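Let us walk through this structure step by step, beginning with the chain as a whole and ending with single residues.

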Amino acid sequence: MVFFDYVSLFQFKREKETEEQNFRRSMQNMHAMYAHESTMTFRVESLTPEQRWQKVIKDGSQINIFHAKSGRIQPVPLDDSENFQQNKNPYFQRGWCRAEMSWSSVRGDTAQNQRVDLEVAVTKEKKVIDAHLTGRTPVAPDAFEYDMNSAVFTHRSDAGAVIDLQKKIFLEKVTKRRKLKVEGVSLQQIQALTQSLRHFEQLKSITINDFRCDDNEARAFVEAGFLLAASRGESM
């Protein structure tokens, strides 16, 4: 089964009660697809290049949308600013994208959450600089809630529900996790894992491959591990 967020759900305007019920039920259980141990998340983070966007506008391309004035689905030109607006908010600034990425990171293997539109980052010397390190580690609820202050929502009222659901799913998954495999993660993600490590109440082992970590963060990570073990009366 393949789930495409947005197009797999009934969107506005939902004219039938069954469509509304289906949508609400799906929204309440969105996390199940992203956090399940037997699924994978493939992220597309890049926006449509401006050059391509301008070309399709020049070509007179149209897109089917719900047209509020007529009350039905109909095609409108991409440059029809009255009925259609391009969302230029970057992936990481979008609240729902952050939530879905967070749900996807609570699995037992970071390799199950992959970016698939990766463009290789290079220095002026044309050397690859950790461009492949796109794995995501679990985000502690307090850190996630703080991040939501700067997140963009079409409906800002969604923020509270997203924060509550993220905390619920994080604690349900992380507190029961006994084994964790971390692969392809950046220094920033190691920092996030260090912050969330205290919640792994039953963790017995961590396998880490292909990551970046400086001396200070390595020390902080080990100390977090010692604190976790000490809280359970164990030794490392």
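In this predicted model, the chain carries 34 positive and 32 negative charges, and if one takes the mean position of each set, the two points lie 2 Å apart. The accessible surface of the chain amounts to about 15000 Å², and 51% of that area belongs to carbon and sulfur atoms. Of the 236 residues in the chain, 36% count as buried, and the C-alpha atoms, taken along the principal axes, fill a box of roughly 70 × 55 × 35 Å.

Turning to the secondary structure, one finds 8 helices and 6 strands in the chain, and reading along the sequence gives the pattern α-α-β-α-β-β-α-β-α-α-β-α-β-α. How do contacts relate to distance along the sequence, and what percentage of those between residues at least 6 apart join residues at least 24 apart? In this chain the share is 69%.

A pair of helices shows how such elements can be placed against each other. Helix α4, residues 95-104, packs with helix α6, residues 158-174, at an angle of about 5 degrees, and their axes are 10 Å apart. Because angles under 35 degrees count as roughly parallel, α4 is described as roughly parallel to α6. On the α4 side, the residues that take part in the meeting are Trp-96, Ala-99, Ser-102 and Trp-103, while α6 brings Asp-158, Val-162, Leu-165, Gln-166 and Ile-169.

If we follow the chain onward from α6, we come to Arg-177, which sits in the loop between α6 and β5, the latter being residues 179-185. Is Arg-177 buried or exposed? With a relative accessible area of 12%, Arg-177 is buried, because the cut-off for that word is under 20%. Leaving aside residues up to four places away in sequence, Arg-177 touches Glu-37, Val-106, Arg-107, Gly-108, Phe-200, Gln-202 and Leu-203. Between Arg-177 and Glu-201, which are 24 residues apart in sequence, the distance from C-alpha to C-alpha is 7.7 Å.

The last stop is Asp-210, which belongs to strand β6, residues 205-211. Most residues other than glycine have a negative phi. Asp-210, however, has a phi near 55 degrees, which is a positive value in a residue other than glycine. As for its surroundings, Asp-210 is partly exposed, with a relative accessible area of 35%.

Notes
Residues are numbered from 1 along each chain as its sequence is written. This is a predicted model: local features need pLDDT of at least 70, side-chain atom pairs count only at pLDDT 80 or more; totals for chains, interfaces and linings use all residues. Side-chain values use heavy atoms; hydrogens and water are left out. Helices (H or I, at least four residues) and strands (E, at least two) are DSSP runs, numbered from the N terminus. Buried means under 20% relative accessible area, exposed over 50%, partly exposed in between (1.4 Å probe, protein chains only). Contact means heavy atoms within 4.5 Å. Accessible areas come from the Shrake-Rupley method with a 1.4 Å probe; for residues, only the protein chains shown count as cover. Lys and Arg count as positive and Asp and Glu as negative; His and the chain ends are not counted. The place of a charge is taken as NZ of Lys, CZ of Arg, CG of Asp or CD of Glu. Axes are lines fitted to C-alpha atoms, for helices over the stretch in contact, and angles run from 0 to 180 degrees between N-to-C directions. Angles under 35 degrees count as roughly parallel, over 145 as roughly antiparallel, 65 to 115 as roughly perpendicular and the rest as oblique.
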